[in-house]
Amino acid sequence: MASKELILSVEDLTVSFDGFKAVDGLNFYLDKDELRVVIGPNGAGKTTVLDLICGKTKATNGRIRFKDKELTKLSEHQIVREGVGRKFQTPSIYENLSVFQNLEVSFPKGRSVFGSIAFKRSELVTERVRAVAEEVLLTDVPDLEAGLLSHGQKQWLEIGMLLMQDPELLMLDEPIAGMSVRERELTAQLLQRICKGRSMIVIEHDMDFVKKIADKVTVLHQGKVIAEGSMDKVQADEKVIDVYLGH
Ligand code: ADP
Ligand code: MG
């Protein structure tokens, strides 16, 4: 088996909001091509960790190294260009544009909506849109206005918009919240497809779903890692049962 290569190392990461440490001396290491799931009770600091990695929130202390770059020194914009994509809890898509157009404007060269109107559709962009639409199960509805998609399809579209940038690290915050059972199953398969050749961090609460997709699980509590390892290992951990799974 090939030896593992680190893509992300987070060390001693801390952020205080008025003296309250939402993330407290966190250490976290992610390998290339790994799909990690982060779980933990509400308020554990999961979303804040993603905010720190993508540069939305600035760290009070600590380091975030992605490949050979120190992300704490970069802007949100630069971090995207380094190959980090992040999906928030609520989908942010252009409701009045079609599925195709939403994907098209997400292609790195035609990022703004206005810019894209004058943007000549190259074969390359169209090819890429088609490939991504297939990956996120939206091949049948390219011309549908995005606002008319189901909730689950909107989530998939936003994942597709991130895939247009072909990020090396993709982070998803509770991607299956509000989805039907069927949509959850399809999303598990979807994530397993798109994680090929990239690293992913997924925050999720649904344990059946976590079991299906996770290589490894990290459990956060009060801004710290309290357990990490295989799903079986963390599920059997006393501390994890105590603060999270037991409730
Ligand atoms: P989780 O995603 O695990 O539910 P969060 O990361 O959203 O938790 O929040 C962790 C803690 O940090 C919560 O107590 C939350 O209220 C607090 N928090 C998050 N962002 C801010 C902020 N910008 N200002 C103040 N407090 C915040
Ligand atoms: Mg959260």
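In this predicted model, the loop between strand S4 (61-66) and strand S5 (69-70) contains Lys67. The phi angle of Lys67 is near 50°, a positive value in a residue other than glycine. Lys67 counts as partly exposed, because its relative accessibility is 36% and the partly exposed class lies between the limits of 20% and 50%.

A positive phi is also found at Asp166, where the angle is about 50° although the residue is not a glycine. Asp166 is placed in the loop between H6 and strand S7 (169-173). With a relative accessible area of 47%, Asp166 is likewise partly exposed.

Helix H6, which precedes the loop of Asp166, spans residues 151-163 and also contributes to the nonpolar interior. The largest nonpolar core has 48 residues. Within this core, the residues with the most contacts are Leu103, Leu157, Leu191 and Met200. The largest share of the core comes from helix H6, which supplies 6 residues. The core is not confined to one domain: at least three of its residues come from domain 1 (1-83 + 167-247), and at least three from domain 2 (93-166). In soluble globular proteins, nonpolar side chains tend to be buried together.

The surroundings of ligand 1 were examined next. The residues around ligand 1 are Phe17, Phe20, Ala22, Pro41, Asn42, Gly43, Ala44, Gly45, Lys46, Thr47 and Thr48. By residue class, this shell divides into 5 nonpolar, 5 polar and 1 charged. Two elements, strand S2 (20-31) and helix H1 (46-53), each supply at least two residues of the shell. The largest share, 3 residues, comes from H1.

Several polar contacts involve oxygen atoms of ligand 1 and the residues of this shell. At Thr48, an N or O atom in the side chain is 2.5 Å from an oxygen atom of the ligand. Backbone atoms take part as well: a polar backbone atom of Gly45 is 3.0 Å from an oxygen atom of ligand 1, and for a polar backbone atom of Ala44 the corresponding distance to a ligand oxygen is 3.1 Å. On its own, ligand 1 has 570 Å² of accessible area, of which the protein covers 58%.

Notes
Residues numbered from 1 in each chain as written. Chains lettered and ligands numbered in written order. Predicted model: local features only at pLDDT ≥ 70, side-chain atom pairs only at ≥ 80, totals over all residues. Heavy atoms only, no water. Near = heavy atom within 4 Å. Polar contact = N/O pair within 3.5 Å; in protein donor to acceptor, adjacent residues only side chain to side chain. Areas by Shrake-Rupley, 256 points an atom, 1.4 Å probe, with all protein chains shown as cover. Helix = DSSP H or I, 4+ residues; strand = E, 2+ residues; numbered from the N terminus. Nonpolar A, V, L, I, M, F, W, Y, C, P; charged D, E, K, R; others polar. Core = buried A, V, L, I, M, F, W, Y, C linked by side-chain atoms within 4.5 Å. Buried < 20%, exposed > 50% of the residue type's maximum accessible area, 1.4 Å probe, protein only. Domains from an automatic or database assignment.
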